[in-house]
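Student: Got a minute to go through a model with me? I'd like to start with one side chain and then move on to the ligand.

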Amino acid sequence: MVDHDGALSSRLDTSVPHPARRYNYWLGGKDNFAVDRASADQIAAAWPSAPIAARENRRFLGRATRFLAGEVGIRQFLDIGTGLPTADNTHEIAQAIAPESRVVYVDNDPMVMVHARALLTSTPQGRTSYIEADLREPGEILHHPDLLATLDLSRPVGLMLVAVLHFLPGAGAAAPVVAELVDALPSGSYLAVTNATKDFLPAPIAAVYDKMLAAGQTDIWPRDRAEFAALFEGLDLVPPGIVPVSDWRTDDEPRPRPGASDVSMYGAVARIP
Ligand SMILES: C[S@@+](CC[C@H](N)C(=O)[O-])C[C@H]1O[C@@H](n2cnc3c(N)ncnc32)[C@H](O)[C@@H]1O
């Protein structure tokens, strides 16, 4: 469902920073505007390792996808909070392992829609689709005709919620959304999640970050370990469980690994029983 770019441009607000474009800037991409770069620099002034966190989060997405496609045999993925296409998009990783893999991407940023063609380069054996929708309305995503035409919800799905739940602000705000999505998936499906955290930050940096949150200077809502763990209630965590994203199944990653405070992002993968 690729729209006309003309209609899209009227919905692109380049005066307000947007997470997808800010993340793109931290990853070294070019699909961002001055307002996104200013916001990214402001956050990085308080938390200088934000670009490291972005890179490590993206690497977690790659390793989690490889684990699900390669070791578990998952052939269908629902990737919500897709981000702007960059190297190693979910379908590229999954289809390199199993060309028949099917991936539904979901994002609420019209800019991602502009780039959606880059997400629709499926292998002939597999399939990808892109839905512009909001994570806060899981029912709309789950019943979307493009999702139903791409995924068979009676078979296991890898639900990827990577660096997106922290855009649902408020203590306890993420759990009901995750629960609604998980409830719609059959046994043998998997959930992969990352979320920013202040747990590893030195107290003075955490205090500055709190002030930025209160002043509306950042929209990244951190969650502590207990709230992150609650997202997996009733699910079977895959070893090593809940760890900084930079420490999740990193046998093939170069050493030394970044420190937990540099990354400040929890990651985990769990099986839905
Ligand atoms: C930091 S990027 C993460 C991209 C990718 N998942 C990754 O980890 O590399 C977050 C993405 O979530 C999207 N997003 C934020 N809030 C959302 C919402 N409520 N519904 C859908 N997408 C959302 C943003 O537009 C952005 O593309």
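**A buried arginine and the ligand**

Tutor: Sure. This is a predicted model, and in it Arg-21 is buried, with a relative accessible area of 1%.

Student: Why does that count as buried?

Tutor: Because the cut-off for buried is under 20% relative accessible area, and Arg-21 comes in at 1%.

Student: OK, and which helix is Arg-21 in?

Tutor: Helix α2, which covers residues 19-26.

Student: What does the side chain of Arg-21 pair up with?

Tutor: There's a polar contact of 2.7 Å with the side chain of Asp-36. The Arg-21 side chain also reaches the backbone oxygen of Asp-13, at 3.1 Å.

Student: Which residues further along the sequence does Arg-21 touch?

Tutor: Leaving out residues up to four places away, the list includes Leu-12, Val-16, Phe-33, Leu-84, Asp-109 and Met-111.

Student: Switching to the ligand: how many residues surround it?

Tutor: 20, and the closest are Tyr-23, Arg-58, Gly-81, Asp-107 and Val-162.

Student: Which helix gives the most to that shell?

Tutor: α4, with 3 residues. α2, the helix that holds Arg-21, also supplies at least two.

Student: And what sits by the ligand's oxygen atoms?

Tutor: An N or O atom in the Asp-107 side chain is 2.6 Å from one ligand oxygen. A polar side-chain atom of Asn-57 lies 2.8 Å from a ligand oxygen, and a backbone N or O atom of Gly-83 is 3.2 Å from a ligand oxygen.

Student: How much of the ligand's accessible area does the protein cover?

Tutor: 97% of the 600 Å² that the ligand has on its own. The space it takes is the largest pocket.

Notes
Residues are numbered from 1 along each chain as its sequence is written. This is a predicted model: local features need pLDDT of at least 70, side-chain atom pairs count only at pLDDT 80 or more; totals for chains, interfaces and linings use all residues. Side-chain values use heavy atoms; hydrogens and water are left out. Helices (H or I, at least four residues) and strands (E, at least two) are DSSP runs, numbered from the N terminus. Buried means under 20% relative accessible area, exposed over 50%, partly exposed in between (1.4 Å probe, protein chains only). A polar contact is a pair of N or O atoms within 3.5 Å; within protein, one must be able to donate a hydrogen and the other to accept it, and residues adjacent in sequence count only if both atoms are side-chain atoms. Contact means heavy atoms within 4.5 Å. A residue is near a molecule or strand if one of its heavy atoms lies within 4 Å of it. Accessible areas come from the Shrake-Rupley method with a 1.4 Å probe; for residues, only the protein chains shown count as cover. On a 1 Å grid over the protein atoms alone, a cavity is a set of points where a 1.4 Å probe fits but cannot get out, and a pocket is an open set with protein on both sides within 12 Å along at least five of seven lines; lining residues have an atom within 4 Å of a point. A molecule sits in a cavity or pocket if more than half of its atoms lie within 2 Å of its grid points.
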